Amino acid sequence: VTSTDTRSPGDGRRPETGVDQATTALRAPGVDQATTALPAQRPRPQPGPPPPPVEEAPLGIFRWLSPLLALAAVALLPVAAATTDLSALDGWGLAKVLGPAAWAALLCAVGACVAELWSPRPRIPMLATATGVLILSSVGMPSVVEPAARFTTAWLLAGFTDAIAGDGIPATGVDARFYWPAFFAQWAWFRDAGGATQLDAVLRWFPPVVVAVWAIGIYALARSMLGGSRAPWVAAWLFVGLNWIEQDYFSPQATGIVLLLTVLTFALGPLATRRTDAAGVPGWPAPHADAPRLPLLRRWLVAAMTPPNRPTLPPRQLLLIYFCAALCLLAVAPAHQLTPFAIIGQLVLLAVVGRFRGRGLVLVAGVAVVVFFIVAGRNFWLSQLSLITGSGEDKGALEAGVGGRLMGDTGQVVVKYLRIVVPGLTWVLAIAGAWVYWRRRRDLVPIGLAVVPMGFAAVQSYGGELFLRIVLYGLPILAILGADALRALVRERRSMEIVLAAGMAIMFATLVLIRGGNDAYQIVYPKDVALARQVIADTPQGLEIVPLSHVGPYGVEGIDTHSGGSVIKGCSQLANDPIRCIDAEYPDVIITFQAVENEGVVLDQKPPGWSLELVQQLVASGRYVVTYQDGFNAVLKKTVPDPVAAPVNPTPGG
Amino acid sequence: VFNPALDVWIWITCLALLGVLGARAWVVETGQGRLGRTPAKVQVLTAASAGVLVLLVVLVAVQGGALLVNSILTGTDPLVAGSAGAPVDPAAVDPAAVPVDPNAPAAPAGG
């Protein structure tokens with residue numbers, strides 16, 4: 001055995017070993033000779049006096065240009081609201097009825113962003129303000145020009161919130177979404193704490209506000225991934241401009257994405273790290289073409305055994321971030337069905353490649369989802385497991401979700417094709433960005449993060465919404481990669497800046513067109529909401545109130561007190577085959593809105609006035625009476641007794 | 001058989017797991033770690049985390065997890081599978097809890 005202990009015993013003697021004797025040569029005192037053990041250090045030139053401060057180039061016109069354009073955009077919005085003729089909505093949706101003031105506001109907002117970006121010294125507060133104005137003028141345009149929140153589902157979810165607000169208990173047997181009740185409970189609590197009885201104003205302004213919060217998350221993510229002072233803002237604008245998915249209405253997934261972006265920002269920001277081998281063993285893929293490749297098993301072993309580097313943060317800050325991230329992961333589990341899986345998938349990928357510290361967060365997220373689903377969602381999976389595992393009828397859900405929606409008049413079809421083209425272009429841009437990112441940082445993880453949500457395709461039973469969710473959950477990373485591609489393009493050819501500025505204006509105009517494409521039948525007027533509330537209040541509890549079609553604010557209240565109809569094959573809504581479905585369902589009350597009429601005309605290409613004609617038929621049959629009518633808004637109540645179902649005189653004494 | 005009344009133990013175990021994981025994170029991040037050596041406190045807390053996690057897995061499995069996994073793997077209805085093997089406690093299933101709309105998670109088109 002060979003000892004390698006070369007420590008001195010302390011008495012001036014060296015250990016009596018034959019190997020590796022430590023040097024005993026000491027420098028003679030008083031002789032100040034330079035060591036020769038190291039390469040000679042060239043004397044560095046003495047730093048001279050500090051250079052005079054460089055005069056910063058004046059901002060010139062950029063000092064005022066962006067604020068003026070932003071102010072102009074905001075000032076034009078009320079004019080836009082006053083000059084938009086909502087009664088002329090057709091298959092082209094909101095874009096066709098918007099007045100010049102609305103488009104000018106959008107152009108000014110884009111100009112404000114671009115002007116500040118072109119400034120010699122972009123000001124973060126001004127960029128943030130311009131981004132807010134841009135969101136208000138694009139995503140928020142419907143909130144500005146329409147008198148109430150559009151989108152049926154937002155009103156339905158407000159109804160869920162209303163149902164839970166009374167006693168704090170989610171209604172059972174109503175809707176599968178009630179098994180993930182955190183969002184509804186949260187807003188019910190807000191509502192009760194605020195002393196409000198409804199959330200109409202919240203619903204109206206929810207989309208621009210939540211998109212602004214998302215944009216903050218994208219900016220923070222992009223700052224970590226791209227660096228620089230301009231590219232992160234471009235990433236945020238790309239995200240807003242490419243996000244036609246419209247899951248920013250009052251919904252659990254909107255809040256879920258806020259939580260997802262928070263965790264992702266932590267993971268790729270302050271918790272970001274890299275797994276590096278102290279011995280200099282290259283990882284996979286090889287960082288450079290000429291790097292030697294080691295055996296695969298060795299690389300895996302090195303990767304698995306090498307702990308990620310420690311972020312350069314004080315321990316207490318790290319712990320605070322862990323706590324906040326864990327809180328977000330715990331909060332998202334009972335709030336939405338899919339979002340937890342998106343963030344878990346992305347965290348698992350980051351953990352496997354050693355890109356963040358705090359892998360216990362993956363465990364926390366997994367435990368939260370599994371325990372919540374198995375225990376709190378027991379009634380759901382005991383009765384509706386096929387919703388998760390899928391069934392034979394669900395196999396074509398994705399195809400139906402895309403192909404089945406390509407219907408309607410010319411405007412509808414064009415808008416829907418644009419909805420397919422835009423994600424395709426987004427992916428093309430992102431792949432170009434992934435290539436740029438790879439060349440710069442030898443890193444493929446970001447594109448992997450965008451691919452992870454595609455695993456949702458395994459749960460096709462979720463329905464056609466799945467395609468939208470896959471695009472949405474990947475969009476933050478896609479937008480950031482796209483910004484990297486555009487930055488590389490501009491660095492290559494400065495003249496492209498003008499082209500990209502024009503492209504930004506076109507992108508946001510297209511966004512308004514695509515997002516507002518369904519507004520002919522997604523628009524909601526305050527009188528519709530008042531009508532729905534009145535009908536629900538006047539109808540005895542337990543009776544059926546069924547909308548002619550699933551548009552309009554029919555579910556704003558009464559979710560847990562009135563039935564919304566039963567499941568009848570081919571009659572997912574009465575308007576599918578009105579006479580047959582109404583015969584089969586025979587609801588106590590039928591309610592219809594202007595939106596129902598519009599949907600039939602622009603989407604199902606029914607003749608104008610079809611809904612009123614149907615009302616007249618039902619009244620003529622003697623089975624229903626009209627209790628309210630104002631234009632295309634109508635309420636029909638079942639006559640008692642039913643003249644068709646009970647034609648025989650009752651037997652005396654029976 | 002799973003008894004919903006025992007669910008409270010699952011939640012308690014969850015809280016315990018979070019507590020142990022938090023304590024471990026505290027010790028790991030605030031400790032002056034030395035390369036190549038895991039402090040004894042961390043080892044103890046890691047073992048405790050693993051123990052609580054195993055306990056949680058067992059409890060969840062007993063309280064329905066095993067039935068769910070079995071139903072997914074065999075493609076059977078959990079109620080049928082539960083009644084064929086270990087019968088499901090009728091009190092555990094709310095008869096009114098069946099969603100009326102089988103496509104309920106699929107919200108109307110997002111635009």
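Which residues of strand β2 (residues 589-592) of chain A lie on one side and which on the other, and are they buried or exposed? In this predicted model, V589(A) and I591(A) are on one side of β2(A), I590(A) and T592(A) are on the other, and all four residues are buried. Both faces of the strand are thus covered. In a regular strand, side chains alternate between the two faces of the sheet.

Strand β2(A) belongs to an open sheet of 4 strands in chain A, with the order β1-β2-β4-β3 and mixed pairing. The edges of this sheet are formed by β1 (545-547) and β3 (624-630) of chain A. Each of these has a single partner strand, so one side of each is left without a neighbour in the sheet. From one strand to the next, the twist averages 20°.

The pairing can be followed across the sheet from β1(A). Strands β1(A) and β2(A) run in the parallel sense and are joined over 3 bridges. Within this pair, P547(A) has I591(A) in β2(A) as its bridge partner. The connection from β1(A) to β2(A) passes through helix α24 (residues 578-585) of chain A, and the resulting β-α-β crossover is right-handed.

On the next step of the strand order, β2(A) pairs with β4(A) in the antiparallel sense over 4 bridges. Here I591(A) is placed opposite V635(A) in β4(A). I591(A), one of the buried residues of β2(A), is therefore a point of reference in both pairings of that strand, being the bridge partner of P547(A) and standing opposite V635(A).

The remaining pair consists of β3(A) and strand β4 (residues 633-638) of chain A, which are antiparallel over 6 bridges. In this pair, Y628(A) has V635(A) of β4(A) as its bridge partner. V635(A) accordingly takes part in the pairing with Y628(A) and also stands opposite I591(A).

Chain B contains 3 helices and 0 strands, and its pattern along the sequence is α-α-α. Of its 111 residues, 32% count as buried. Where contacts in chain B link residues at least 6 apart in sequence, 64% of them join residues at least 24 apart. The accessible surface of chain B amounts to about 6,200 Å², and carbon and sulfur atoms account for 71% of this area.

Conventions. Residues numbered from 1 in each chain as written. Chains lettered and ligands numbered in written order. Predicted model: local features only at pLDDT ≥ 70, side-chain atom pairs only at ≥ 80, totals over all residues. Heavy atoms only, no water. Pairing = 2+ DSSP bridges. Helix = DSSP H or I, 4+ residues; strand = E, 2+ residues; numbered from the N terminus. Axes fitted to C-alpha atoms, helices over the stretch in contact; angles between N-to-C directions. Buried < 20%, exposed > 50% of the residue type's maximum accessible area, 1.4 Å probe, protein only. Contact = heavy atoms within 4.5 Å. Areas by Shrake-Rupley, 256 points an atom, 1.4 Å probe, with all protein chains shown as cover. Right-handed = clockwise from strand over helix to strand, strands pointing away.
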